[in-house]
Amino acid sequence: MADPMRIRAQAAGGNATVRVLMAHEMETGQRKDASGKTIPAWHITEVTATHNGKSVLTAEWGPAVAKNPFLQFTIKGAKAGDKVAITWKDNKGDSRTDEATVS
Amino acid sequence: MNQSRRTTLRQGAVVAGLLLSTGLFPQYAQAFNAKAFEAKSLADVLKALGAGAPTESKDVTVAGPDIAENGAVVPLGASTALPGVKQLLVLVEKNPSVLVAAFNMTDGVDSNVSTRAKMGQSSDVYAVAVMNDGKVLFAKKEVKVTLGGCGG
């Protein structure tokens, strides 16, 4: 499976800013390798963020998102100690979930 | 013969039921929308997402650099102060894949998202807010790219 995601969730003024760095190749399907064959597209297609178990943000990503994707968003009404979980699914069917606590 | 057909049918129904319960069929109507990501223009993306005609708006902001040194990693963001946002979209007009990302917002998050995208060449970047009432508002910003990001 892929490397763990790095999630930082910081509470500030009643909200929490969450920054996530995911480890993923994010192949567009446009590149060709040394022999001229097109490298097939392999990228994250869906991302879900939950706050204390409740889904607060979902995203659909295309091949244009950069390699090792970064995501930043702000959860309303979060406080220190809350749990934030991020899940991604890619077009090969792989998926990964990582959790962090708001600090 | 009859026995095995019956059990096969029953097992098929059980498997189908299990598949439904695993959540492979998402509860929200938006599964990965491949058509939207294959669209080649802002208008086509919105059509694929079932959204209406877009209007430029000062209330939507595109966050991004004026000049991106590395087209493989361009920080781009979309935000709006308006309430009632259903979706925030980030599009790069001249990319082979115009729609970079679609974020489905809920009341639990601010309408402000940032990510990093690949840009093949200097292009307009659009931030689009699809509102709950069906209005589609957008803002655009030109981002110049000195080194293209599609591996070309």
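This report describes the interface, the strand pairing and the nonpolar core of a two-chain model.

The model is predicted: local features need pLDDT of at least 70, side-chain atom pairs count only at pLDDT 80 or more, and totals for chains, interfaces and linings use all residues. Residues are numbered from 1 along each chain as its sequence is written, and chains are lettered from A in the order in which they are written.

**Interface**

In chain B, 30 residues are in contact with 29 residues of chain A (contact: C-beta atoms, placed from the backbone, within 7 Å). Strand S6 (99–105) and strand S7 (109–117) of chain B are the elements that give two or more residues to the side of chain B that touches chain A; strands here are DSSP runs of E with at least two residues, numbered from the N terminus. S7(B) supplies the largest share of that side, eight residues. By type, the side of chain B that touches chain A holds 16 nonpolar, eleven polar and three charged residues. Ala, Val, Leu, Ile, Met, Phe, Trp, Tyr, Cys and Pro count as nonpolar, Asp, Glu, Lys and Arg as charged, and the others, Gly among them, as polar.

**A sheet across the two chains**

Six strands form an open antiparallel sheet in the order S1(A)-S2(A)-S5(A)-S7(B)-S4(B)-S2(B). Its edge strands, each paired on one side only, are strand S1 (6–12) of chain A and strand S2 (60–63) of chain B. On average, neighbouring strands of this sheet are turned by 15 degrees against each other, direction ignored; the axes are lines fitted to C-alpha atoms, and angles run from 0 to 180 degrees between N-to-C directions.

Strand S5 (residues 70–76) of chain A pairs with S7(B) over four bridges in the antiparallel sense, and Ile75(A) has Val109(B) as its bridge partner there. Pairing requires at least two DSSP bridges between two strands. Within chain A, Thr17(A) stands opposite Thr74(A) in S5(A).

Further antiparallel pairs are listed below.

| Strand pair | Bridges |
|---|---|
| S2(A) and S5(A) | seven bridges |
| S3(A) and S6(A) | seven bridges |
| S6(A) and S7(A) | seven bridges |
| S5(B) and S8(B) | seven bridges |
| S5(B) and S6(B) | five bridges |

**Strand S6 of chain A**

Side chains alternate along strand S6 (residues 83–90) of chain A: Val84(A), Ile86(A), Trp88(A) and Asp90(A) point to one face and are buried, whereas Lys83(A), Ala85(A), Thr87(A) and Lys89(A) point to the other and are not. A residue is buried if 20 or more other C-beta atoms lie within 10 Å of its own, with C-beta atoms placed from the backbone. Of the buried residues, Trp88(A) is the bridge partner of Val47(A), and Ile86(A) has Asp98(A) in S7(A) as its partner. S6(A) and S7(A) form a hairpin with four residues between them, and Gly93(A) in the turn has a positive phi of about 95 degrees.

**Strand S5 of chain B and the core**

Strand S5 (residues 85–92) of chain B is largely enclosed by the rest of the structure, because seven of its eight residues are buried. Gln87(B) stands opposite Val130(B) in S8(B), and Leu91(B) stands opposite Leu99(B) in S6(B). Six residues lie between S5(B) and S6(B) in the hairpin that they form.

The largest nonpolar core has 67 residues, and those with the most contacts inside it are Leu91(B), Leu99(B), Val100(B), Ala117(B) and Ala127(B). Such a core is a set of buried Ala, Val, Leu, Ile, Met, Phe, Trp, Tyr and Cys residues joined through C-beta atoms within 7 Å. Leaving aside its neighbours within four places in sequence, Val100(B) is in contact with Gly62(A), Ala64(A), Val65(A), Leu76(B), Val90(B), Leu91(B), Val92(B) and Ala117(B).

Definitions and conventions:
Two residues are in contact if their C-beta atoms, placed from the backbone, lie within 7 Å. A residue is buried if 20 or more other C-beta atoms lie within 10 Å of its own, exposed if 12 or fewer, and partly exposed in between; C-beta atoms are placed from the backbone.
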